[in-house]
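Okay, thanks for making time, everyone. Let me put the thing up on the screen and then walk you through it piece by piece.

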Amino acid sequence: MYEGVVQNLIDELGLLPGVGPKSAQRIAFHLLSADPADVKRLAHVLLEVKERVRFCRVCGNVAAEEECRICRDTRRDPHVICVVEESKDVVAIEKTREFRGRYHVLGGAISPIEGVGPDDLRIRELMARLADGQVTELILATDPNLEGEATATYLARLVKPMGLKVTRLASGLPVGGDLEYADEVTLGRAFEGRRLLDV
Amino acid sequence: MHVAHLSLTDFRSYSSVELALEPGVTAFVGPNGQGKTNLVEALAYVATLGSFRVATDAPLVRQGASRAIVRAAVVRDDRRALVELEINPGRANRARLNRSPVPRPRDILGLLRTVLFSPEDLALVKGDPADRRRFLDDLLVARAPRFAGVRADYDRVLKQRGALLRSAVQTRHGRRQGPRRQEAEAGFAAAGAGDALSTLEVWDAHLARHGAELLAARLELVAALRPLVAKAYALLAPASAPAGMEYRHTLSTAVDGLPPAPGDGPAAPPVTEPATPLPGRSELEEALRASLLEVRQAELERGVTLVGPHRDDLLLRLGELPARGYASHGESWSFALALRLGAYDLLRAEGGDPVLILDDVFAELDARRRRSLADIVAPAEQVLITAAVPEDVPAQLAGARFDVAEGSVTRVR
Ligand SMILES: Nc1ncnc2c1ncn2[C@@H]1O[C@H](COP(=O)(O)OP(=O)(O)OP(=O)(O)O)[C@@H](O)[C@H]1O
Ligand SMILES: [Mg+2]
Ligand SMILES: [Zn+2]
């Protein structure tokens with residue numbers, strides 16, 4: 001254990017995803033020996049990002065304003081919604097240029113181990129978007145791992161009575177993976193070959 | 001196939017060792033505790049990505065070292081592949097094939113296939129159902145490496161579903177009455193009870209799907225293994241009642257082609273089954289789903305998944321009697337060996353002689369069974385034997401010999 005503030009810093013860094021106690025310690029000591037101006041700049045962007053960036057009122061994507069760039073773009077097809085787990089998945093799909101509809105960011109996937117159930121995801125917001133009948137196709141692009149599949153199954157069952165076309169990205173994506181890490185070509189193909197989800 | 005080279009760094013008792021190996025028989029001889037089993041354990045680890053002696057990786061890393069490295073050059077049909085594994089306890093292991101990293105260690109499964117005989121095998125007959133499930137699943141993976149993925153998926157569904165059931169139990173007991181302080185508690189409180197049940201059906205569907213895949217494969221495996229094990233047992237113990245085996249599932253609904261699960265006690269001798277086709281995956285999936293519904297109340301009370309391949313067993317019989325609890329020590333040993341020999345036969349028939357590893361088994365056998373076993377294994381492409389004294393290696397199996405003493409391995413013949 002280190003003294004007061006140093007240990008506090010290590011503890012805080014250790015809470016970040018992918019940072020174990022050893023890395024936390026290394027980062028902390030790096031910061032301690034870094035140029036004060038650099039650290040100030042880092043502190044500044046951290047605060048700024050928290051103040052300025054928010055989540056789109058409509059789709060949950062990160063946005064600089066009330067609504068994100070995609071939701072404000074009137075050229076995008078309002079009849080199709082692509083459901084993803086995280087904002088970074090929106091970025092990955094946008095890179096493929098295969099998709100011209102809108103998104104809905106859930107904020108994760110159902111995972112009882114981590115205590116995440118449907119109420120913890122932006123599912124109520126999704127249902128509200130589907131209520132007016134304008135959307136005709138829902139593409140479930142949650143990750144191709146167990147939790148992503150379970151979330152997709154749950155959503156497909158939930159919206160079944162609404163009678164929309166529900167599709168799932170084609171397999172070919174590396175199973176057990178993260179959508180974010182699928183390369184553009186594979187992800188693009190997965191979009192083209194999406195299949196009807198029958199539950 | 002055979003292993004042409006084995007190299008260990010900080011594995012078990014070895015800080016560094018290099019071994020050139022040849023096809024045929026190789027014996028590692030030395031007093032107790034000198035590191036013979038450690039050598040073959042490393043090879044078996046490359047084949048299965050797990051130790052047959054310990055459930056976790058930590059004991060595999062040499063005391064004081066932070067990771068172990070196992071390298072093996074595997075020759076199959078004159079093609080040589082270099083497999084490298086870095087074992088990092090508590091962190092992800094890493095694997096390389098011909099010096100290029102592979103995405104997951106799992107991707108090297110199938111490159112080296114081993115069948116290992118060890119004194120621990122007695123647990124296959126005398127031990128818990130988990131030992132026999134592992135035997136079946138390891139063999140499935142050796143036959144078709146994709147089953148490593150199937151099993152991992154199934155285990156993950158079980159974990160998720162288990163967490164959900166437990167959270168439902170917790171909510172039932174007490175949390176409901178109290179003020180709902182959801183935000184105060186991280187973890188389970190986040191998924192409330194109503195929530196939990198609404199997703200249970202989703203997990204049921206996934207459990208049934210992955211479970212059916214595993215179950216179908218195990219049933220098929222048992223059917224293929226049964227005659228081979230019976231044959232091997234008859235060779236090892238000609239005077240004993242015949243060896244039989246039945247898969248004991250946990251399904252509560254009837255499925256075409258699947259006999260009801262056998263009970264624990266003595267039973268009518270299993271009728272030599274007419275060749276009824278085994279049930280398919282979709283029938284099993286349906287049956288798993290239906291069986292889950294039947295036990296739902298009990299599951300919600302106990303917070304565990306009560307139906308599925310993780311609760312199944314392989315019932316071994318000698319004649320009408322179950323082997324477990326009835327067979328003598330010698331009979332149990334013969335049965336354990338017969339299971340391994342059956343596995344060897346099966347793998348050999350399906351492409352590529354697996355490497356046979358016999359860890360300390362001859363010392364446990366009487367002269368006749370020693371001879372039978374030696375005769376059966378002698379023709380294999382590569383046989384690796386460990387023994388405390390040279391006399392424990394049967395004469396039919398004379399070959400190369402390494403002496404193992406105080407951490408050094410020296411070729412003497
Ligand atoms: N992680 C480790 N670090 C250092 N030494 C270890 C480690 N794990 C095991 N050992 C040592 O290895 C030795 C056991 O080696 P091994 O099991 O290969 O013996 P063996 O030659 O097969 O003996 P036996 O004839 O009794 O079966 C023990 O002395 C043990 O202390
Ligand atoms: Mg030993
Ligand atoms: Zn938006």
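So let's start with one residue, B:Asp77. Buried or exposed? Exposed, because just 7 other C-beta atoms lie within 10 Å, and the cut-off for exposed is 12 or fewer. One thing to say straight away: this is a predicted model, so please keep that in mind throughout.

Staying with B:Asp77, the backbone there is a bit of a curiosity. Its phi is positive, near 50°, and the residue is not a glycine. You'll find B:Asp77 in the loop that joins strand E4 (68-76) to strand E5 (79-87) of chain B.

There's another one like that in this chain. B:Arg99 isn't a glycine either, yet its phi is positive, about 75°. Where is B:Arg99? In the loop between strand E6 (94-97) and strand E7 (100-101) of chain B. And B:Arg99 counts as exposed, because it has 7 C-beta neighbours inside 10 Å.

Okay, zooming out to chain B as a whole. The secondary structure comes to eight helices and 15 strands. The radius of gyration is 24 Å, and the globule rule gives 22 Å for 413 residues, so chain B is as compact as a globular protein of that length. If you want box dimensions, the C-alpha trace spans about 75 × 55 × 35 Å along its principal axes. Of those 413 residues, 43% count as buried. For the contact-map people: take the contacts in chain B with a separation of 6 or more, and 72% of them come from residues 24 or more positions apart.

Now the domains of chain B. The assignment gives domain 1 as 2-113 + 352-411, and domain 2 as 147-177 + 187-317. Their C-alpha centres lie 33 Å apart. How many residues does each domain put into the contact? Six from domain 1 of chain B and four from domain 2 of chain B. On the domain 1 side, the residues touching domain 2 of chain B break down as three nonpolar, one polar and two charged.

Next up, the ligand. Ligand 1 has 17 residues around it, and the closest are B:Ser13, B:Asn32, B:Lys36, B:Thr37 and B:Asn38. Which element of chain B gives the largest share of that shell? Helix H1 (residues 36-48), with three residues. By class, the shell has 10 polar, four charged and three nonpolar residues.

There's an annotation to put next to that. An unreviewed UniProt entry lists a "binding site" made of B:Gly30, B:Pro31, B:Asn32, B:Gly33, B:Gln34, B:Gly35, B:Lys36 and B:Thr37. B:Asn32, B:Lys36 and B:Thr37 appear in that record, and they are also among the closest residues to ligand 1.

Let me pick two residues from that record. B:Gly33 sits in the loop between strand E3 (24-29) and H1 of chain B, and B:Gln34 lies in the loop between E3 and H1 of chain B too. B:Gly33 counts as exposed, because it has 11 C-beta neighbours inside 10 Å. B:Gln34 has 20 such neighbours, so that residue counts as buried; the threshold for buried is 20 or more. And what does B:Gln34 touch, if we skip its neighbours within four places in sequence? B:Val404, B:Ala405 and B:Glu406.

Right, over to chain A. Here we have eight helices and seven strands, and the C-alpha trace spans about 60 × 35 × 35 Å along its principal axes. Of its 199 residues, 32% count as buried. For contacts in chain A with a separation of 6 or more, residues 24 or more positions apart account for 57%. The domain assignment gives domain 1 (4-52) and domain 2 (70-196), with C-alpha centres 33 Å apart.

Last stop, helix H5 of chain A, residues 87-96. Its buried residues are A:Ser87, A:Asp89, A:Val90, A:Ala92 and A:Ile93. What covers them? The cover includes strand E2 (62-63), strand E3 (80-84), strand E4 (102-105) and helix H8 (184-192) of chain A. After H5(A) comes A:Arg97, with a positive phi near 60°.

That's my tour, so over to you.

How values were computed: Residues are numbered from 1 along each chain as its sequence is written. Chains are lettered from A and ligands numbered from 1 in the order in which they are written. This is a predicted model: local features need pLDDT of at least 70, side-chain atom pairs count only at pLDDT 80 or more; totals for chains, interfaces and linings use all residues. A residue is near a molecule or strand if its C-beta atom, placed from the backbone, lies within 6 Å of it. Helices (H or I, at least four residues) and strands (E, at least two) are DSSP runs, numbered from the N terminus. Ala, Val, Leu, Ile, Met, Phe, Trp, Tyr, Cys and Pro count as nonpolar, Asp, Glu, Lys and Arg as charged, and the others, Gly among them, as polar. Two residues are in contact if their C-beta atoms, placed from the backbone, lie within 7 Å. Domain bounds come from an automatic or database domain assignment. UniProt positions are given in the numbering used here, feature names are shortened, and annotations may be inferred rather than shown by experiment. The radius of gyration is taken over C-alpha atoms; the globule rule is 2.2 Å times the number of residues to the power 0.38.
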